[in-house]
Amino acid sequence: MEISVAERDTVRTEAARLLVDGVLRPAAGGREYPDVDPSTGEVFAWCPDAAVADADEAVRAARRAFDESTWRCDPAARADRLRRFLAALEDDREVLRALLVREAGVPVRLTRSVLLDAVFAELASICDLLDRFPWHGRLRDQSFHGFTSAREVLEEPVGVVALLTPANFPVTLLLRDLFLALAAGNAVVVKPSPHVPLVALEVARVAAASADLPPGVLNVVTGRDGAGLGLYLAGHALVDLVGVTGSTATGRAVARAAAPKRLVAHLGGNGGHVVLDDADPGAVAAAGARVCFHAGQACSLFKRLIVPRARLGDAVEAVRAAMASVPAGDPRDPGVAVGPVVSAELRDGVLAFAAAVREAGGAVRHGGRVPAGCPSGFFVEPTLVAGLPWTADLLRHELPGPVLAVLPYDSEDEAVAIANDPPYGLTAAVSGSPERAAAVARRLRAGAVTVNDGLPHGPDSPHQGMRGSGAAHAGGEAALRDYLTTKVVGFPG
């Protein structure tokens, strides 16, 4: 289904405002910065360019809201207001859809699933979790030197949360972490990626108009200097917890600024997909198509395909053909699966990676260029590389955009070693006969493992990253607990 003219007309630019202490307002001094359409490379809107003073005011508003309102004390009231917020967001769905396509270059067909429509069920599950979450518990009585104590366990909000959200899933990841932080009873300051300000500001507008949140419980600030604002918020003395979704390099910088605060970090990945020698040959072609999803802008994608050496040539050809068959182009076209990447920096990163592979003696077997006929915008061809050893430094880091590296192995042990080699642990995959694939899956160091296309993800999935991929949970009670702190109170027995 193509975006209609009416849906395109719902793109809001003139009403973009920061949300600070319950008030929608411009940035201090009326500062603005340009928002660029990645399909054209042209400015299509101007957005508030928050300064440190704006961010400080937002944090102080959140502090007052947490300390002085009843928000943190009443889970039932939070559930009611979050359901109102969710209903208003669903009513605003087509505005958000149009913004995703225009501002982030998301193909409209992807907004019909995980980039937008699927998030509403996830948010509803968070609201439902509030109704049954064990906020209070008891430990057995404890005796010490003849004195007996009864002990109560309380799950409480942490306080003021700074959420630093990414450009690749601008609605899904922002709303998931926002609802978790609010459901836990925290007050929140959101700072989105500077590449996708309007999406976050639209969420702020909906909240201000419809959610009936206490002033200061939700604040949204946008700015050109995304890294600077993010580090300022992370280090602010009145912030108690920092939630960050982004690259591992970003996570490290935020962690340094935030220490010793609580950190909820969803970071990068470089997942390996092990294809066993008894796997269905179609698994290889599927891997080539899968890495093209959202122009490769998902840290959970498997960017390294690990195949038996005897099947290397066939694997490279199957992936090349699969990549060439994925429809790419204007994200407004309902048939397109690969649109632009979100920024010129990311496009140039893919081109630089392809050049570095060639310089290191590897081969670019498909892509690695700006597509013919796309002189404007941030388009880049899906890129297939081969011919480098799996120990090459280029392949051990996060691979940019729609990039897939094919790597051969000589034994199952070597395949596992290749998959586990990069300093990440977000996702991994294995294809092969069920029993062998399951055994290999248990050896892979990743928080979520896909066996023969089985999906480990979902609103109730508690998986978390390992090593450089952070340690935050993705769903269920475990994700809510990331935004809570545990208090134990002792009473005379």
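**Exercise 1. Find the partner of Asp212.** Which side chain meets that of Asp212 in a salt bridge, and where do the two residues sit?

*Solution.* Start with the side chains: Asp212 and Arg84 form a salt bridge, with 3.3 Å from N to O. The term asks for a side-chain nitrogen of Lys or Arg within 4 Å of a carboxyl oxygen of Asp or Glu. Next, place both residues: Asp212 lies in the loop between helix 8 (197-211) and strand 9 (218-220), while Arg84 belongs to helix 3 (residues 75-91), so the pair links distant parts of the chain, 128 residues apart. Helices (H or I, at least four residues) and strands (E, at least two) are DSSP runs, numbered from the N terminus. Finally, check the accessibility: Asp212 is partly exposed at 44%, and Arg84 is partly exposed at 35%. Here buried means under 20% relative accessible area, exposed over 50%, and partly exposed in between (1.4 Å probe, protein chains only).

Keep in mind that this is a predicted model, in which local features need pLDDT of at least 70 and side-chain atom pairs count only at pLDDT 80 or more, while totals for chains, interfaces and linings use all residues. Residues are numbered from 1 along each chain as its sequence is written, and side-chain values use heavy atoms, leaving out hydrogens and water.

**Exercise 2. Follow helix 8 up to Asp212.** How many residues of helix 8 are buried, and what is the phi of Asp212?

*Solution.* First take the span: helix 8 has 15 residues and reaches 20 Å from its first C-alpha to its last, close to the expected 21 Å. That expectation is 1.5 Å times one less than the number of residues. Then look at the burial: 11 of the 15 residues are buried, and the helix is mostly covered. Among the buried ones are Pro197, Leu198, Glu202, Val203, Val206 and Ala211. Last, step past the end of the helix, where Asp212 has a positive phi of about 55 degrees. Most residues other than glycine have a negative phi, and most peptide bonds are trans.

**Exercise 3. Trace a second salt bridge into its network.** Which residue does Arg436 meet in a salt bridge, and which residues does the network join?

*Solution.* The side chain of Arg436 meets that of Asp278, at 3.4 Å from N to O. Arg436 is in helix 16 (residues 434-441), and Asp278 is in the loop between strand 12 (271-275) and helix 11 (282-290), so this pair also links distant parts of the chain, 158 residues apart. Arg436 is partly exposed at 29%, and Asp278 is partly exposed at 33%.

For another pair, turn to Asp330 and Arg332, whose closest N and O atoms are 3.5 Å apart. Asp330 is partly exposed at 40%, whereas Arg332 is buried at 17%. Salt bridges that share partners join Asp277, Asp278, Glu412, Asp413, Arg436 and Arg443 into one network. Overall, the structure holds 36 salt bridges.

**Exercise 4. Draw the seven-stranded sheet.** In what order do the strands run, and which are the edge strands?

*Solution.* Write down the order, 14-15-16-13-12-17-18, for an open sheet with mixed pairing. Two strands pair if DSSP finds at least two bridges between them. The edges are strand 14 (363-366) and strand 18 (448-451), each pairing on one side only. Now zoom in: strand 13 (residues 302-308) and strand 16 (residues 403-409) are parallel over five bridges, and Leu305 has Val406 in strand 16 as its bridge partner.

**Exercise 5. Inspect the loops.** Where is the cis peptide bond, and is His294 buried or exposed?

*Solution.* The cis bond joins Ala259 and Pro260, with omega of about 5 degrees. Pro260 lies in the loop between helix 10 (248-258) and strand 11 (262-266) and is exposed at 83%. Now move to His294, in the loop between helix 11 and strand 13. Its phi is near 50 degrees, a positive value in a residue other than glycine. His294 is buried, at 2% relative accessibility. For comparison, Asp453 has a positive phi near 70 degrees and is partly exposed, at 47%.
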